[in-house]
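User: I'm new to this structure and would like a close look at one helix and its surroundings. Could you walk me through it in one go?

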Amino acid sequence: MPPVAGTRPAVAKAHYKTWDRCDLTFVTLDEGTSVAGVLTNSKCPSPEVEWCRKTLTLGQARALVVNAGNSNAFTGSRGRAAVEAIAARAAAHLGCQPSDIFVASTGVIGVPLPIDKAEAGLDAAFAAPECNWLAAAEAIGTTDTFPKGGVQQAVVDGRTVTLVGIIKGSGMIAPDMATMLGFIFTDAAVEPGFLQQLLNKANRRSFSCITVDGDTSTSDTVLAFATGKAGNTALASFDDPGADAFAAALEALCLDLAQQVVRDGEGASKFIEVQVTGATTGGSAHRIAMSIANSPLVKTAIAGEDANWGRVVMAVGKAGEPAERDLLSIRFGSTVVATGGCAVEGYDEAPVAAHLKGQTIEIGVDLGVGTGRATVWTCDLTHGYISINADYRS
């Protein structure tokens, strides 16, 4: 992941947990940086989410602060005070307004973020040398087993622009907006309103199409920052030269990051793509696909490499969406296993069993009642997920 002009990432140790690793990330952004974001729809959002929701309306940013190991969610006035203190300290350092500072935190819910550790960590980050994006990706992680990031480029207004993204997430992943914490940086010039429009579109086809365990975080945040240092004429609509190319690059980056989160699902051993076609609408197809992807019975069958397609039938039926049993068909990989309300005559399970032994699994469902379609991504459910989450606070 190359440097992005107009950004300066740094990491430091705030010691939010008893670990000897960097757990505070501070990214300085040049003046004139545009920002857009998508935030959790949880009714119990963290103070950081509320802060970002308010500051996003201004459309500009000077810095990002990310804390790992403590989500600061469900912490009342103490949590809000911590966010305000972080923003104020970073703003004083940069000589800007607190509303120019974006804050995100991830980790245990219900424990107030210690202001003294946050401020000491920030001071260390202010003095730290610039780091690369890999170090920043490592610093924002919690239960992640590998750092996640990606890069895309596009030609905009005759100039090559770069987009870099880092993300963290492994469990508590079933977003209806975005995944745990994701941050995108580009040197392109993009007007805030158009950047928001593009991020919303990319999110609908990426972060909102993944699930690990059916649980939506209180802290889900994805932010995109555009510094404008590439020197292109600022994109303001799809009529501008290169807007389509930039939109495609942003969507490709978001999809890459989202799928990395699924591949790192807590305890996961298999990456699963669920394709639903023939639904009454695209929304209906998405809800049916999520019903399949979130089913513990489907996910454990895949973990056990068991070609139990009846569990897929169950997940379709419980989704509450229009479906006709006798029009339904189901496949694993390229093998159709059931159609017309029953198993395929002469069905041979051997190719399905072989497909399930792989690490990438494809489940296809055609409802036969319309033209709606959707694709979502998930992972299997193993004993490892239970072990990780049973001991999460230990």
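Analyst: Some vocabulary to start: helices (H or I, at least four residues) and strands (E, at least two) are DSSP runs, numbered from the N terminus. This is a predicted model, where local features need pLDDT of at least 70, side-chain atom pairs count only at pLDDT 80 or more, and totals for chains, interfaces and linings use all residues. Residues are numbered from 1 along each chain as its sequence is written, and side-chain values use heavy atoms, with hydrogens and water left out.

Let's come in through the loop between β7 (181–186) and α5, where D187 sits. D187 counts as buried because its relative accessibility is 10%; buried means under 20% relative accessible area, exposed over 50%, and partly exposed in between (1.4 Å probe, protein chains only). Contact here means heavy atoms within 4.5 Å. Setting aside neighbours within four places in sequence, D187 touches V4, A5, V161, T162, T227, G228, K229, A230 and N232. As for T162, its backbone nitrogen is 2.9 Å from a polar atom of the D187 side chain.

Now for α5 itself, which covers residues 192–204. The expected span of a helix is 1.5 Å times one less than its number of residues. With 13 residues, α5 should therefore span 18 Å, and its end C-alpha atoms are indeed 18 Å apart. Its buried residues are F194, L195, L198, L199, A202 and N203. They pack against β2 (24–39), β8 (221–226) and α6 (243–263).

That last partner deserves a closer look. The axes of α5 and α6 are 9 Å apart, at an angle of about 45 degrees; axes are lines fitted to C-alpha atoms, for helices over the stretch in contact, and angles run from 0 to 180 degrees between N-to-C directions. So α5 is oblique to α6, given that angles under 35 degrees count as roughly parallel, over 145 as roughly antiparallel, 65 to 115 as roughly perpendicular and the rest as oblique. On the α5 side, the contact is made by F194, L195, L198, L199, K201 and A202, and on the α6 side by A243, F246, A247, L250, E251 and C254.

Staying with α6, you'll also find Q259 in that helix. Q259 has a relative accessible area of 18%, so it is buried. Leaving out neighbours within four places in sequence, Q259 is in contact with F271 and W377.

Note on methods:
A polar contact is a pair of N or O atoms within 3.5 Å; within protein, one must be able to donate a hydrogen and the other to accept it, and residues adjacent in sequence count only if both atoms are side-chain atoms.
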